[in-house]
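Me: I would like a close look at a single part of this chain, with its surroundings set out carefully. Please take one residue as the starting point and then widen the view.

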Amino acid sequence: MAVENVIWPRYLDASVSREDGRRVPLDDAVEEPTVDEIAQAVQQIGYDAVIERDVTHPREWDARGRVLVKGAEDSTKNDLVQAVAAYVGILRD
């Protein structure tokens with residue numbers, strides 16, 4: 001069975017506290033990350049990304065979407081989110 005990880009924009013959002021769902025250190029977080037940036041970062045680290053735009057995280061009101069990461073059996077979710085955050089930061093520079 002294929003492992004499918006979900007990455008919500010709030011995991012990388014600098015305006016979200018750790019308590020409210022940010023999963024990366026503030027130094028690695030970015031302001032208002034988009035699913036397009038996240039998907040591009042996922043592809044940069046070698047995985048397939050599927051964007052779902054019309055879904056809303058349970059703790060949010062606005063649908064910011066999410067990114068499904070396929071084929072990441074060789075990585076923990078935490079490592080995956082950290083790597084994606086680093087690449088989103090690079091993409092913005």
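Does Arg 10 count as buried or exposed, and at what relative accessibility?

Reply: The model is a predicted one, and within it Arg 10 counts as buried, because its relative accessibility is 7%, which falls under the 20% cut-off for that class. Along the sequence, Arg 10 is placed in the loop between β1, which covers 4-7, and α1, which covers 35-44. Leaving aside residues up to four places away in sequence, Arg 10 touches Val 16, Asp 20, Gly 21 and Arg 22, and also His 57, Arg 59, Glu 60 and Arg 64. The list of contacts thus holds the acidic residues Asp 20 and Glu 60 as well as the arginines Arg 22, Arg 59 and Arg 64.

A second loop residue can be set beside this one. Ala 72 lies in the loop between β3 (66-70) and α2 (77-92), and Ala 72 is buried too, with a relative accessible area of 0%. From Ala 72 to Asp 48 the distance is 8.6 Å, taken C-alpha to C-alpha, while the two residues stand 24 residues apart in sequence.

Widening the view to the fold, the chain contains two helices and three strands, and these follow one another along the sequence in the pattern β-α-β-β-α. The radius of gyration of the chain is 12 Å, close to the 12 Å that the globule rule gives for 93 residues, so the chain is as compact as a globular protein of that length. Taken along the principal axes, the box filled by the C-alpha atoms is roughly 35 × 30 × 20 Å. Of the contacts in the chain with a separation of 6 or more, 61% are accounted for by residues 24 or more positions apart, and buried residues, among them Arg 10 and Ala 72, make up 39% of the 93 residues.

As for the surface and the charges, the chain exposes about 5400 Å², of which carbon and sulfur atoms supply 46%. There are 11 positive and 19 negative side chains, and the centres of these two sets lie 4 Å apart.

On confidence, the chain averages a pLDDT of 92, and 97% of the residues score at least 70. Confidence is lowest in β1, with a mean of 90, and highest in α1, at 96; these are the two elements on either side of the loop that holds Arg 10. Where pLDDT is low, the predicted coordinates should not be read in detail.

How values were computed
Residues are numbered from 1 along each chain as its sequence is written. This is a predicted model: local features need pLDDT of at least 70, side-chain atom pairs count only at pLDDT 80 or more; totals for chains, interfaces and linings use all residues. Side-chain values use heavy atoms; hydrogens and water are left out. Helices (H or I, at least four residues) and strands (E, at least two) are DSSP runs, numbered from the N terminus. The radius of gyration is taken over C-alpha atoms; the globule rule is 2.2 Å times the number of residues to the power 0.38. Buried means under 20% relative accessible area, exposed over 50%, partly exposed in between (1.4 Å probe, protein chains only). Contact means heavy atoms within 4.5 Å. Accessible areas come from the Shrake-Rupley method with a 1.4 Å probe; for residues, only the protein chains shown count as cover. Lys and Arg count as positive and Asp and Glu as negative; His and the chain ends are not counted. The place of a charge is taken as NZ of Lys, CZ of Arg, CG of Asp or CD of Glu. pLDDT is the predictor's confidence in each residue, from 0 to 100.
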